[in-house]
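Please read this briefing alongside the sequence and the structure. It is meant for a reader who has not seen them before.

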Amino acid sequence: MKLTKLAAIAVAAVTAASPVLADLVFPALSYRTGPYAANGIPFADGYADYFTLVNERDGGIGGVPAQLLECETGYNTEKGVECYESTKGQGSLVYQPLSTGITYQLIPKATADGIPIHSMGYGRTSAANGDVFGNIFNYPANYWNGASIAINHLLEINGGDISGKSITLIYHNSAYGKEPIRTLEVLAEKHGYDLTLLPVDHPGQEQKSQWLQIRRERPDYVVMWGWGVMNPVAIQEAVNIRYPMENFIGVWWSGSENDVIPAGPGATGYKALTFHGVGDDYPVYDDIQKYVVDTGKTAGAGDQIGTVLYNRGMYAAMLAVEAVKTAQEIHGVADITPAMMRDGMEALEMTEEKMTSLGLPNFGPAFSVSCENHGGPGLGGVAQWDAESGKWNMISDYSPSDMDVIQALIDEDSAAYAAENGIESQCN
Amino acid sequence: MSADFFYTVEVIINGLMTGVMYSLVALGFVLIFKASGVFNYAQGVMALFAAMTLVGIQTGQVPFAHLINTIFGTHLHKFGWEVPTLLAILLALGVMILFAFIVERYILKHLVNQDPIILFMATIGLAYFMEGFGDLMWGSEIKNLDVGLPQGGNIWLENATSDWADGFYGFYLDNLDMWATAIAVVLVASLIVFSNYTKTGRALRAVADDNQAALSVGISLRTIWVIVWSLAGFVALVAGIMWGAKSGVQFSLSLIALKALPVLMLGGFTSIPGAIVGGMIIGVGEKLFEFAVGPYIGGATENWFAYVLALLFLVFRPQGLFGEKIIERV
């Protein structure tokens with residue numbers, strides 16, 4: 001009798017925990033614990049809050065409620081794969097692995113399972129080639145776009161000529177941190193600057209050697225590819241040696257409030273790349289306040305709204321929702337499958353009119369996705385930190401990266417992957 | 001003399017000071033190992049927890065705010081006051097002493113006479129518990145720690161030495177590192193005096209040698225454990241302040257324990273001066289190696305070279321530079 005009761009309770013619990021089958025299911029491989037929790041929390045909050053907004057304000061997407069399946073990875077690749085395996089059978093439409101390591105592990109799995117992956121601004125850069133990576137998307141920008149946008153910014157502030165300038169790349173000594181090296185080397189040949197590479201081992205709590213070297217060599221510019229504690233320590237060390245902050249520029253994963261606030265007023269002037277807007281001066285935040293915050297339905301404490309990483313999470317969710325709408329239009333059904341979601345992502349078109357109608361005018365670049373191009377046009381902008389106001393300010397428009405250089409690198413890398421894995425053209 | 005010579009000196013001095021920062025962490029390990037033979041895996045997390053507690057008290061943060069808000073639907077975050085730094089440090093120290101009582105009462109008391117490996121495993125469990133507990137109590141966002149210590153290169157020194165050679169920009173020394181060195185010297189001197197010249201200090205050493213024998217002569221093992229864990233909590237607080245001032249208080253602070261391990265291997269697990277000297281050797285060694293060899297082999301040598309250096313010392317002195325030689329009679 002007891003066993004029967006227990007079994008009934010277990011079944012009820014499992015049923016309650018599983019999404020209703022008619023829901024549109026979005027797994028969130030988040031990390032609210034571990035060394036990178038401080039960055040994982042705002043992204044996860046932004047991602048979840050946007051789906052809550054869509055449910056509360058619009059009654060779901062095309063009338064079907066969105067269901068979020070949050071799974072804690074701790075930014076650990078093994079746990080990320082476990083999360084994927086445990087959620088893929090629940091109707092998951094698209095995965096945001098939120099880690100380059102997890103993305104690399106999931107590419108073959110998700111491809112075999114027919115579930116799309118969206119690694120926005122991270123992951124395997126050459127996945128932008130949709131002809132090889134049919135299920136993987138990394139719009140609107142990838143690491144190599146980022147490297148090129150940083151160099152383009154330096155070109156712009158130097159009147160188009162950076163030959164003879166010295167640029168140091170300080171990077172997280174991992175697969176992620178090494179991503180921009182090839183692009184920066186190719187661009188160095190093209191533009192004639194001298195590139196110095198300075199790796200920092202995980203976690204990056206101690207960087208005295210690297211910054212003493214920068215102080216000795218006095219490079220004209222420092223570009224950073226950091227993550228976690230490496231970022232605030234690097235920015236603090238730059239302040240300590242009185243390196244001109246306006247000559248210090250980080251990738252979008254080195255450009256959140258968490259990275260600059262610990263360094264205090266000295267961090268003013270530090271620049272970071274971005275592929276979406278900063279701050280909370282967008283109409284969508286009024287809706288988030290009304291439908292999510294005021295109703296007590298925020299995913300977290302509600303104290304991250306408008307921060308860089310919250311915005312990024314919200315942007316990722318918004319792009320997922322727009323892809324669902326596109327898929328619903330293409331297939332004429334509201335309750336879509338992962339394969340239909342893939343079609344929606346491949347046909348996604350983000351125009352400024354659409355962004356404005358969503359309450360996000362000029363929040364991100366206008367772009368469209370195609371079968372061949374899963375990475376979008378590779379547009380990005382530059383934001384600059386102002387410690388006094390505690391805000392990031394956009395100091396450039398979304399401008400293009402050097403696709404002549406990057407496309408050749410993408411083609412080369414993806415062709416090697418296709419040959420290695422026997423992948424035939426996906427677009428013919 | 002050439003600029004290269006002065007830059008080498010600069011690297012050595014900065015290595016010494018970085019080494020002192022490592023020593024601050026290593027000291028906590030030494031204190032507990034010396035008094036109980038336990039390698040306290042939780043020492044790094046204790047530094048994180050102590051620093052989180054300090055910032056929380058200083059900024060008037062409501063502990064367990066997220067939990068309270070979730071359960072009761074409230075919106076509590078701050079009390080609305082700020083606590084002066086010195087008082088906040090004393091209160092944080094009080095929390096660490098309370099923590100020592102709790103550890104003794106609920107963990108160590110039940111493990112008297114167990115093998116050291118059992119106690120080590122218990123500290124692993126404690127570390128993971130504290131990671132989660134700290135997040136629950138104070139939140140996992142990065143916190144800014146400001147206790148008024150100056151930070152940044154010392155401008156006076158830089159200007160005074162900048163014309164010593166062509167191409168030399170003057171010596172760079174971080175003010176925070178200099179403060180850390182001064183604090184570490186005072187801390188070590190106090191601990192040595194306490195350990196060697198006070199009744200309680202001698203009792204600590206007696207317990208470390210043989211806790212059964214110490215019990216038989218009337219030394220309270222439980223009191224000693226509370227004292228030693230309190231001291232380790234105090235050292236963790238100092239280390240947390242110094243490292244937290246550099247990077248903000250965040251989870252990665254707990255990983256500085258990884259930098260203390262080669263220091264312990266080199267200096268010995270039972271020597272307070274060994275922690276300082278070991279730290280300085282590791283600091284100078286890794287910085288010099290990175291400076292001289294790093295550029296030729298791709299850099300980022302410091303993490304692994306510290307362990308190579310410690311292993312080299314171990315080959316010749318398995319007990320570490322200052323560790324006690326263990327002679328077991330059969």
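The points below cover confidence, domains and the nonpolar core.

This is a predicted model, in which local features need pLDDT of at least 70, side-chain atom pairs count only at pLDDT 80 or more, and totals for chains, interfaces and linings use all residues. Residues are numbered from 1 along each chain as its sequence is written, while chains are lettered from A and ligands numbered from 1 in the order in which they are written.

**Confidence**
- Chain A has a mean pLDDT (the predictor's confidence in each residue, from 0 to 100) of 93, and 95% of its residues reach 70 or more.
- In residues 14-21 of chain A the pLDDT is below 50.

**Domains of chain A**
- The assignment (bounds from an automatic or database source) gives domain 1 (19-141 + 279-378) and domain 2 (143-274).
- Their C-alpha centres are 28 Å apart.
- Domain 1 of chain A puts 12 residues into the contact and domain 2 of chain A puts in 14 residues, where contact means C-beta atoms, placed from the backbone, within 7 Å.

**Nonpolar core**
- The largest nonpolar core (buried Ala, Val, Leu, Ile, Met, Phe, Trp, Tyr and Cys residues joined through C-beta atoms within 7 Å; buried means 20 or more other C-beta atoms within 10 Å of a residue's own, placed from the backbone) has 230 residues.
- B:Leu24, B:Ala47, B:Ala51 and B:Val228 touch the most other members.
- Domain 1 and domain 2 of chain A both give residues to this core, so it lies between them.
- Beyond neighbours within four places in sequence, B:Val228 is in contact with B:Leu31, B:Ile32, B:Ala35, B:Ser36 and B:Leu204.

Conventions:
Two residues are in contact if their C-beta atoms, placed from the backbone, lie within 7 Å. A residue is buried if 20 or more other C-beta atoms lie within 10 Å of its own, exposed if 12 or fewer, and partly exposed in between; C-beta atoms are placed from the backbone.
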